[in-house]
Amino acid sequence: MAQAYMTETGSDGSEPERPGSRFRRLLDGWRGDPGIWKRGLVTAGAAGLIALVMLFHAQIPNNVGNLGSLTETFLPWLGVFIPVLLVVAVVRKSATALIALLLPVIIWLNSFGGLISDKSGAGGDLTVATHNVNADNADPTGTAQDVAASGADVIALEELTADAVPTYEQALSQQYKYHAVEGTVGLWSKYPLSGTKPVDIKLGWVRAMRTTVETPKGGVAVYVAHLPSVRVKLDAGFTANQRDDSADALGEAIADEGLGKVILLGDLNGTMNDRALNAVTSQMRSTQGAAGDGFGFTWPASFPMARIDQIMVKGVEPVSSWTLPETSSDHLPIAARVDLSS
């Protein structure tokens, strides 16, 4: 009598591939191949170069086209090249390149890994927001309302034009009883303001101001600043000398501040990595770095590549920090919540 036997097979009649078998086959293909140490030397060199730039970026000179500041502005983006080099190393079957890639990976994670996680917390006493509204903004009313929708107690606006100021005043008047405008920057607040004055940042016209916000937890010195723009030119490199001088002047003003609790809001046209802002960044904390979620890039709004808009504090504890939805400006607005009890 004929007997039927049944066996379990895959759809092609063969035994299903076990997990990890592909990886083992890949390793088997590399074993006994002396070329894995000779191939990929260029890839390994590129990995080493990226590591050196990230590790010694502070030594890149600024006296030639401000190359150091330009590098520091986009420093986190060097990490984009790491997975590209990884693919090349795997395709080339280069153990040398794979080992070399460990160095930039470790340096990048040490420098920027903390920005990937969400460090925001709960609580806080004061919510602040800042936005470069763009002088050519076609919808100032909508922009003002979008920023106010964040629920901020204090809003700083930069790049205000004389013609647009009345529009922003009207759009924010119902939610913000107090406001002050100095030159092209302004502050709207739910709490009273006092001691408002322009801050000289060596430009010849007013693009910075200082005021005291009288919160229920006491007075807080709030600075609003719009540092000069920088340009990347083929013949001149990263032109930022005027921005750098203004940053030094702003840093001096904040260092001389009499109040212990200080908040800086504005468009600094530079990132926290940019050495040219040391006069400010050395004495203040970034709310995004301390209590944000991600890098918080703000410019350009269509494809943010750098965080040049900043909320920084001294004598105040950051609780949370975030980027607000896009408006009609070329910058993204940002907000933060801080604890004034510390």
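# Notebook: helix pairs, cores and single residues

**Entry 1. Helices α2 and α4**

I began with a pair of helices and found that α2 crosses α4 in a left-handed sense. I note at the outset that the model is predicted. Helix α2 covers residues 41-55, and helix α4 covers residues 81-92. I read an angle of about 160° between α2 and α4, and their axes are 10 Å apart. With angles over 145 degrees counted as roughly antiparallel, I therefore put α2 and α4 down as roughly antiparallel to each other.

Which residues of α2 and α4 meet? From α2 I listed Thr43, Ala46, Ala47 and Ile50, and across from them in α4 I listed Phe81, Leu85, Val88 and Ala89. Sorted by class, the contact of α2 with α4 has 7 nonpolar residues, 1 polar residue and no charged residues.

**Entry 2. Helices α6 and α7**

I then looked up a second pair, helix α6 (residues 140-148) and helix α7 (residues 165-172). Their axes are 9 Å apart, and the packing angle is about 40°. I call α6 oblique to α7 because of that angle. The crossing in which α6 passes α7 is right-handed.

On the α6 side I wrote down Pro140, Thr141, Ala144 and Ala148, which meet Thr167, Tyr168, Ala171 and Leu172 of α7. By class I have 6 nonpolar, 2 polar and no charged residues in the contact of α6 with α7.

**Entry 3. The whole chain**

I stepped back to the protein as a whole. I read 10 helices and 14 strands in it. The protein has 342 residues, of which 45% count as buried. I also looked up how far along the sequence its contacts reach. Among contacts between residues at least 6 apart in sequence, 68% join residues at least 24 apart.

**Entry 4. The nonpolar cores**

Which residues touch the most other members of the largest nonpolar core? They are Val128, Leu187, Ile263 and Leu265, in a core of 21 residues. I checked which strands feed this core, and β1 (126-132), β2 (154-158), β4 (185-189) and β6 (208-215) are among those that each supply at least two of its residues. The others I noted on that list are β7 (218-226), β10 (262-267), β12 (309-314) and β14 (334-339).

Another core, of 19 residues, lies apart from the largest one. Its members include Tyr223, Ala247, Val262 and Leu277. As background, I recall that nonpolar side chains tend to be buried together in soluble globular proteins.

**Entry 5. Two glycines**

Gly35 sits in the loop between α1 (21-30) and α2. Is Gly35 buried or exposed? Its relative accessible area is 11%, so I list Gly35 as buried. I also looked up Thr96, which is 61 residues from Gly35 along the chain, and the two C-alpha atoms are separated by 9.8 Å.

Gly68 belongs to helix α3 (residues 67-73). With a relative accessibility of 0%, Gly68 counts as buried. Setting aside its neighbours within four places in sequence, I find Gly68 in contact with Ile60, Pro61, Asn62 and Arg275. Asp274 is 206 residues from Gly68 along the chain, and their C-alpha atoms are separated by 8.1 Å.

**Entry 6. Asn134**

I found Asn134 in the loop between β1 and α6. Asn134 has a relative accessible area of 17%, and since buried means under 20%, I entered Asn134 as buried. With its neighbours within four places in sequence left aside, Asn134 is in contact with Glu158, Glu159, Ser329 and Asp330.

**Entry 7. Backbone points**

I ended with the backbone. Two residues other than glycine went into my notes for a positive phi, Lys93 near 55° and Asn269 at about 50°.

Where is Lys93? Lys93 is in the loop between α4 and α5 (95-116). I read a relative accessible area of 32% for Lys93, which makes Lys93 partly exposed. Asn269 is in the loop between β10 and α9 (278-281). Asn269 has a relative accessible area of 9% and is buried.

Last, I looked at Pro300. The peptide bond that runs from Trp299 to Pro300 is cis, with omega near -10°. I place Pro300 in the loop between α10 (287-291) and β12.

Definitions and conventions. Residues numbered from 1 in each chain as written. Predicted model: local features only at pLDDT ≥ 70, side-chain atom pairs only at ≥ 80, totals over all residues. Heavy atoms only, no water. Core = buried A, V, L, I, M, F, W, Y, C linked by side-chain atoms within 4.5 Å. Buried < 20%, exposed > 50% of the residue type's maximum accessible area, 1.4 Å probe, protein only. Helix = DSSP H or I, 4+ residues; strand = E, 2+ residues; numbered from the N terminus. Axes fitted to C-alpha atoms, helices over the stretch in contact; angles between N-to-C directions. Parallel < 35°, antiparallel > 145°, perpendicular 65-115°, else oblique. Left-handed = near helix turned anticlockwise from the far one by under 90°. Contact = heavy atoms within 4.5 Å. Nonpolar A, V, L, I, M, F, W, Y, C, P; charged D, E, K, R; others polar.
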